[in-house]
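Trainee: Could you take me through one part of this protein in detail? I would like to start from a single residue in the core and work outwards from there.

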Amino acid sequence: MPEKESSGVGFKEPRLVVRKFLARPQHEGVGAIVRRSIGRFELRYFDPFLFLDEFSVTAPAGFPDHPHRGFETVTYMLQGEVTHEDFEGHKGTIGPGDVQWMTAGRGIVHSEMPAARGTQKGLQLWINLSSKNKMIEPRYQEISSKDIAEATNNGIKVRVIAGEALGTKSPIYTRTPTMYLDFTLQPGAYLQQPIPESWNAFVYVLDGEGVFGQSKSSPVTAHHLLLLGSGDGLEAWNKSSKLLRFIIVGGEPLCEPLAQFGPFVMNTQEEIDQTIDDFENYTNGFEKARHWRSESGYSMDF
């Protein structure tokens, strides 16, 4: 396939890469390893994104019972399976290619533990909620791999987790307007992906090496996060002889004050203090946590 070098066709202002980070392994949960890119000291917050983890977990390690309030978590499985259960009785298994879009809202206590032998791998993205949505009732949007919208064109395949690409839309409803696209480019493929001008956006490379923003830029390899500058779209090239896989994620900035204490994300310190009090006293959304432990928690004596 002939390589396309043209830049800016169809875009008023193509987005360029303004910062690059290597997501280094760190311990999280109980015995799990994550490569955290957003949420580290180099990049505490990229409005509206709080965390991006590429996780790797093998039983008995995992993420036992823990709370959330004030944001959403998006779990996208790349390999293996994870069992999820919460204090409302919601339970299920997230398998390879599946997506769980969880709105914690006013409060969730849940666990995420390996459900298969070997190593389970995936991505988890935390998306902040606006002040008006932080205390809504929790809910889930779950899509199995076979039901995720896909499209192909000229050596490009995309799985549309949220938003739109190559004329294909996701059914996921995003309270904080968000796009989440999983691209695979064949050798020689060239991509142009529109991104709303007012949104913040980034790329995370999963496999292979790619060129982003400018055709003469140095190739970027797996586990790197690329922050994109202003503009209305991104160009990407696969100039290698192997497949290139990466995600493009973008979201509308909330432009609100941020107060965070671990898994609690609010707007003020007073709200964080109230959240801690609610959790410790099983009130205001955490009532069911008083007598609940996950099955994995019992079996592992957490």
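Mentor: Happy to! Let's start at Y180, which, apart from its neighbours within four places in sequence, is in contact with V74, Y76, L123, L125, R159, V160, I161, A162, I247, I248 and V249. Keep in mind as we go that this is a predicted model.

Y180 belongs to the largest nonpolar core, a set of 27 residues. Along with L125, F202 and L225, Y180 is among those with the most contacts inside that core. Several strands feed into this core: β4 (49-58), β6 (71-79), β9 (99-103), β11 (119-128), β14 (156-162), β19 (200-207), β22 (224-228) and β24 (244-251) each give two or more residues. There is also a second core, separate from this one, with 26 residues, and V158, L181, W199 and L228 are included in it. As a general point, nonpolar side chains in soluble globular proteins tend to be buried together.

For a contrast, look at a charged residue. R36 sits in strand β3 (residues 32-38). With a relative accessibility of 7%, under the 20% cut-off, R36 counts as buried. What does the side chain of R36 make a polar contact with? Its partner is the side chain of D53, at 2.7 Å. Beyond four places in sequence, R36 touches D53 as well as A23, R24, Q26, E28, F51 and L52.

Now move to helix α1, residues 269-281. Its 13 residues reach 18 Å from the first C-alpha to the last, close to the 18 Å expected at 1.5 Å a residue. I272, T275 and D278 are the buried residues of α1. Viewed down the helix axis, these buried residues fall within an arc of 120 degrees, so they line one face of α1. The cover over them includes β25 (259-261) and β26 (264-266). On the other side of α1, E270 and E280 are exposed. Just after the helix comes Y282, with a positive phi near 55 degrees.

Last, a word on confidence. The mean pLDDT of the protein is 93, and 95% of its residues reach 70 or more. Residues 298-302 are another matter: pLDDT stays under 50 there, and the model has nine contacts for this stretch beyond four places in sequence. Where pLDDT is low, the predicted coordinates should not be read in detail.

How values were computed:
Residues are numbered from 1 along each chain as its sequence is written. This is a predicted model: local features need pLDDT of at least 70, side-chain atom pairs count only at pLDDT 80 or more; totals for chains, interfaces and linings use all residues. Side-chain values use heavy atoms; hydrogens and water are left out. Helices (H or I, at least four residues) and strands (E, at least two) are DSSP runs, numbered from the N terminus. Buried means under 20% relative accessible area, exposed over 50%, partly exposed in between (1.4 Å probe, protein chains only). A polar contact is a pair of N or O atoms within 3.5 Å; within protein, one must be able to donate a hydrogen and the other to accept it, and residues adjacent in sequence count only if both atoms are side-chain atoms. Contact means heavy atoms within 4.5 Å. The expected span of a helix is 1.5 Å times one less than its number of residues. The arc is that of the directions from the helix axis to the C-beta atoms. A nonpolar core is a set of buried Ala, Val, Leu, Ile, Met, Phe, Trp, Tyr and Cys residues joined through side-chain atoms within 4.5 Å. pLDDT is the predictor's confidence in each residue, from 0 to 100.
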